[in-house]
Amino acid sequence: MIRTLLRHVGRILLSLIVLSTCLWACLALWYQFPGPAAVKIGAGVLWAAFGLAAIALAWRRRAARALLSYATGFALLLVWWSTILPSQNRVWADDVSRQLRSHIDGSVVTLDNVRNFEWRSDTDYTQRWETRQYDLERLRTVDVSLSYWSGPAIAHTLVSFGFDDGRFLTFSIEIRKERGEAFSSVGGFFRQFENSLIAADEHDILRVRTNVRGEDVYMYRVSLPRAEMRSLFLAYLGEGAALAREPSFYNTLTANCTTIVYALARRIVPGLPMDWRLLASGYLPDYLFDVGGLAPGYSMEALRAAGRITDRALAADKTPAANFSQAIRQGLPGTTANAGAAQ
């Protein structure tokens, strides 16, 4: 009786393993197998039949032969999967077509390919890629923005650096879409996108989210010493240089806009705890609040309420671009305190 029970339990576990790997394989074939949709579907159907046949044979006392055949086939699939490599050479969408380049001379940083598009809609825009210079001795503030488009748990993370001349520069880790391609959170698990680092003017990269795409954006002032602000800025430049040298795949779970920010910040502040809210990126502000990383003296509720910049951005839509960053920060907690501390 016990041996029969154990045998059934073992077959159930093996069946679950085959089913889960079969699902992964079918999705991998859908997203990466070459050819039109019909070919991808055909490949997925054949693999699903292969997996189900292996399970059926396993329950008919031919488990060893069936599972050996399936394991061999899956190993060959993994060999094919390992040949799928990121690329620098695709027909990229306009907004991620160029890569950030930087040159550092003492405290002065020269950046090529800073994006400053004028967006009228997601498909109607004027392209502008600029060369800009920033003196890191004049760096004064760091703000993190969360842009929500799909419920409270999912948000895109952007980090803005403010200088004492009133200018702001925002860094954003994004998928490097091909022309005509759209974001897919499932595709992000299956090497559908490369990573891209965008450095942009806030009138471009924040305004397009609030005023063009209808996303809801919250901004929070980050509490960091000047030296760590500078280190974080340079860490972004290092990430940009690394991506320019060698492309890498975006991953919805392990290499996204929030996890990469965490990896950069951890270089500067060793010992930052790992937390599930780094994966559910919409809750990143709560994590930053708990580790003492946001403007002090406010509750999380007050920071969230005053940090919602969406309405301010919509009201400032026709404001001159040079004044947009100041307009969206009206009433932002920590702004006055930081400005005073900087003097």
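**Exercise 1. Which residues line the second largest cavity?**

Solution. This is a predicted model, in which local features need pLDDT of at least 70 and side-chain atom pairs count only at pLDDT 80 or more, while totals for chains, interfaces and linings use all residues. Residues are numbered from 1 along each chain as its sequence is written, and side-chain values use heavy atoms, with hydrogens and water left out.

Step 1. On a 1 Å grid over the protein atoms alone, a cavity is a set of points where a 1.4 Å probe fits but cannot get out, and a lining residue has an atom within 4 Å of a point. With this in hand, the lining of the second largest cavity is found to be Asp-95, Arg-115, Glu-174, Ile-205, Val-208, Arg-209 and Arg-213.

Step 2. The second largest cavity holds about 30 Å³ of space, where a volume is the space filled by probe spheres set on the grid points, which are joined across faces, edges and corners.

Step 3. Sorted by class, this lining has two nonpolar, no polar and five charged residues. Here Ala, Val, Leu, Ile, Met, Phe, Trp, Tyr, Cys and Pro count as nonpolar, Asp, Glu, Lys and Arg as charged, and the others, Gly among them, as polar.

**Exercise 2. Describe the largest cavity by its volume, its lining and the elements that supply the lining.**

Solution. Step 1. The structure holds two cavities of 30 Å³ or more, and the largest cavity has a volume of about 50 Å³.

Step 2. Its lining consists of Gln-99, Leu-100, Arg-176, Asn-195, Ser-196, Leu-197, Gly-240 and Leu-243, which by class are three nonpolar, four polar and one charged.

Step 3. Helices (H or I, at least four residues) and strands (E, at least two) are DSSP runs, numbered from the N terminus. Strand S9 (194-200) and H6 each give at least two residues to the lining of the largest cavity, and the largest share, three residues, belongs to S9.

**Exercise 3. Set out the linings of the two largest pockets side by side.**

Solution. Step 1. A pocket is an open set of points with protein on both sides within 12 Å along at least five of seven lines. The largest pocket contains about 830 Å³ of space, and of the 33 residues that line it, Trp-149, His-156, Ile-175, Phe-183 and Arg-209 are the closest to its centre.

Step 2. The second largest pocket has a volume of about 410 Å³, and of its 23 lining residues the closest to the centre are Val-222, Leu-224, Ala-265, Leu-272 and Leu-288.

Step 3. The remaining values can be read from a table.

| Pocket | Classes in the lining | Largest share |
|---|---|---|
| Largest | 15 nonpolar, seven polar, 11 charged | S8, three residues |
| Second largest | 18 nonpolar, four polar, one charged | H7, five residues |

**Exercise 4. Why do the buried residues of helix H11 line one face of the helix?**

Solution. Step 1. Buried means under 20% relative accessible area, exposed over 50%, and partly exposed in between, with a 1.4 Å probe and protein chains only. In helix H11 (residues 321-328), Phe-324, Ser-325 and Ile-328 are buried.

Step 2. Seen down the axis of H11, these buried residues fall within an arc of 90°, so they line one face of the helix; the arc is that of the directions from the helix axis to the C-beta atoms. An α-helix has 3.6 residues a turn, so residues three or four places apart point the same way.

Step 3. Among the elements that cover the buried residues of H11 is H4. His-203 is found in H4 (residues 202-205) and is buried, with a relative accessible area of 3%. Leaving aside neighbours within four places in sequence, His-203 is in contact (heavy atoms within 4.5 Å) with Glu-118, Thr-319, Ala-321 and Phe-324.

**Exercise 5. Classify the ring pair of Trp-24 and Trp-81.**

Solution. Step 1. Rings of Phe, Tyr and Trp (its six-membered ring) pair if their centres lie within 6.5 Å; planes under 30 degrees apart count as stacked, over 60 as edge-to-face and the rest as tilted. The structure holds 27 aromatic pairs.

Step 2. The ring centres of Trp-24 and Trp-81 are 5.1 Å apart and the planes stand at 70°, so the pair is edge-to-face.

Step 3. Because Trp-24 lies in helix H1 (residues 2-32) and Trp-81 in helix H3 (residues 63-82), the pair ties together parts that are 57 residues apart in sequence. Trp-24 is partly exposed at 25% relative accessible area, whereas Trp-81 is buried at 9%.
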